[in-house]
Amino acid sequence: MPRAVEGTPVRRRRARLLCSLLLTVVAGAGTAASSASAAPAAPSSSAPDAAAAPTPLDRVVPAPASVRPAAGSYAIHPDTPIRASGSDGSARSARRVADYLATVLRPATGYRLPVTARAGGDGIRLRLTPKAAAVSKLGAEGYRLEVTGRAITVTARGSAGLFHGVQTLRQLLPASIERTTRQAGPWRVSAGTITDEPRYAWRGAMLDVSRHFFGVDQVKRYIDQLALYKINRLHLHLSDDQGWRIAIDSWPRLATHGGSTQVGGGPGGYYTKDDYREIVSYAASRELTVVPEIDMPGHTNAALASYAELNCDGVAPPLYTGTEVGFSSLCVPKDVTYDFVDDVIRELAALTPGPYLHIGGDEAHSTSHEDYVAFMDRVQPVVAKYGKTAVGWHQLTGAHPAKGAIAQYWGTDGSEKEVAEAAKAGTKLILSPANRAYLDMKYDANTPLGQNWAGYVEAKQSYDWDPGTYIKDAPASSVLGVEAPLWSETLETSANIEYMAFPRLPGIAELGWSPASAHDWDSYRVRVAAQGPRWDAMGITYYHSPQIPWPTS
């Protein structure tokens, strides 16, 4: 897995027993703001008039492309209907998004909020109209949200756009809308119009389930959190030295043996094919595409320990529970290696409806350059053979990226010439600079979780960069998008995930969604501060960055 720029030492620490104690401490303390880290406070919202004021349309994250406020507001009331309509066969998709919205709003409001296909000029109206003039120039993920005193109307060309519009609507309601018990309200939304679409097609988050295993429900919880900020790719790191996490029928010991442990020696685990299908289906219902990763030719000790024939010497190494990297490699000259690769990719591709399959390719320090190039030359066509687009870490650009392949950058300064040259030649780039986008980097020296080999990454540093100009000499058109990886050497619980992801994840989401002209730290820090009460209501354990003016009440 990516840990340091090539040519520099990999600074690592082995798991320590003390880490488990720290994990417990942060899980319990993450939602309590430290007085020592208090930032300049946002205006108090304790006054009755302030509490009743609806959220301004431009206060959401990610920042919308266009906002036109108007006088007045709409109040959701006990008789409010949710009207779902669609043209060109899209009514079912509109109904699905409407049912989702009703599920979100009913617990806190206590209202019935009936979902209906009946037309009407009132209520919450969700419209899928691919040919409507209001959204004709927006892409599949764009939407238009219009609020008047009589109705809230979300219009989009596709179900993704309608869903993203609903996420914006959620943020325009009081934070208490996220609670699971009935709240007092009122449920007012500011009047005006938002017209919105993403800057980049790829807005991803990666979850490492190999160092520590996270079950289906934990992944679903993270998916729900990602969806709120219009993330549309869930990259699952399914294999590494410490664990293999997906059942492969033709090589069953990969999961049963290779998945039986994790960092520190815990029980590990793996997804059955039905488990994986459940994750994929749930992600799709939140408009996220799952991108599975099988890391190779390095980071393969779990596979090598499971099958002796995959090793050049025919001897299976022991299972591994440490955190060092770069010591393992598939045996590139052996034919059985490619039988293995073909079987794994074939079965995983059949399980994955999305168009992408990630083949890793980072930190293959035990593989010679010649073998690495030969391996990638043989493996990329296998991905294409099973109908998928190959994604690899940016070391792939040091080999021969196949036509259409995507390289994911994880360096720290954007200076790698081979990345820029590949981009000029047509290779698309996903940007995940480790000292900006890696969510497992510590915030500061006192952070009890994570690592610091790429430095400390506070909220401002994570947000304050431009994906379009980050890779030196690469054309801006080569940037497909951004992704926020979260590696799990020190993470064991959902609370741990959330503490490292929030507040940095919404910032990466904004870099991927909002126009470059909207990127402004001073504006963002105020808008993300307003998310704090929402995260409290959702039960999200987050880091109270001293750089953000969290509300005082």
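A search of the whole structure, which is a predicted model, finds 1 cavity of 30 Å³ or more. The tour starts there, then moves out to the chain and on to single residues.

**Stop 1: the cavity**

Select Gln-218, Arg-221, Tyr-222, Gln-225, Ser-494, Ile-497 and Glu-498; these residues line the largest cavity. The space inside comes to about 40 Å³. Now colour helix H5 (216-228) and helix H14 (494-501), each of which supplies at least two residues of the lining. Which helix gives the most to the lining? H5 does, with 4 residues. If the lining is coloured by class, 2 residues are nonpolar, 3 are polar and 2 are charged.

**Stop 2: the protein chain**

Zoom out and switch to a cartoon view. The secondary structure of the protein chain amounts to 17 helices and 17 strands. With the C-alpha trace alone on display, the spans along the principal axes are about 75 × 55 × 45 Å. The radius of gyration is 24 Å, which agrees with the value near 24 Å that a compact globule of 553 residues would have.

Next, show the surface. The accessible surface of the protein chain is about 20300 Å², and carbon and sulfur atoms own 52% of it. Of the 553 residues, 59% are buried. For a contact map, count contacts with a separation of 6 or more: 76% of them join residues 24 or more positions apart.

**Stop 3: Trp-244**

Select strand E11 (residues 243-244), where Trp-244 is found. Is Trp-244 buried or exposed? Trp-244 counts as buried because its relative accessibility is 3%, and the cut-off for buried is under 20%. Add Ala-303 to the selection and draw a distance between the C-alpha atoms: the two residues are 7.0 Å apart in space and 59 residues apart in sequence.

**Stop 4: two cis peptide bonds**

Go to Val-61 and Pro-62, which are joined by a cis peptide bond with omega about 0 degrees. Pro-62 sits in the loop between helix H2 (48-52) and strand E1 (66-76).

Then select Gly-185 and Pro-186. The peptide bond that joins Gly-185 to Pro-186 is cis, and omega is about 0 degrees. Pro-186 belongs to the loop between helix H4 (159-172) and strand E7 (187-196).

**Stop 5: two positive phi angles**

Select Asp-88 in the loop between strand E2 (82-86) and helix H3 (91-109). Asp-88 is a residue other than glycine, yet its phi is positive, near 55 degrees. With a relative accessible area of 58%, Asp-88 is exposed, since the cut-off for exposed is over 50%.

The last selection leads back to H5, the helix that gives 4 residues to the cavity lining. Lys-230 lies in the loop between H5 and strand E9 (233-237). What is the phi of Lys-230? Its value is near 65 degrees, which is positive in a residue other than glycine. Turn on the surface again and look for Lys-230: this residue counts as buried because its relative accessibility is 1%. Asp-88, by contrast, is exposed.

How values were computed:
Residues are numbered from 1 along each chain as its sequence is written. This is a predicted model: local features need pLDDT of at least 70, side-chain atom pairs count only at pLDDT 80 or more; totals for chains, interfaces and linings use all residues. Side-chain values use heavy atoms; hydrogens and water are left out. On a 1 Å grid over the protein atoms alone, a cavity is a set of points where a 1.4 Å probe fits but cannot get out, and a pocket is an open set with protein on both sides within 12 Å along at least five of seven lines; lining residues have an atom within 4 Å of a point. Grid points are joined across faces, edges and corners, and a volume is the space filled by probe spheres set on the points. Ala, Val, Leu, Ile, Met, Phe, Trp, Tyr, Cys and Pro count as nonpolar, Asp, Glu, Lys and Arg as charged, and the others, Gly among them, as polar. The radius of gyration is taken over C-alpha atoms; the globule rule is 2.2 Å times the number of residues to the power 0.38. Buried means under 20% relative accessible area, exposed over 50%, partly exposed in between (1.4 Å probe, protein chains only). Contact means heavy atoms within 4.5 Å. Accessible areas come from the Shrake-Rupley method with a 1.4 Å probe; for residues, only the protein chains shown count as cover.
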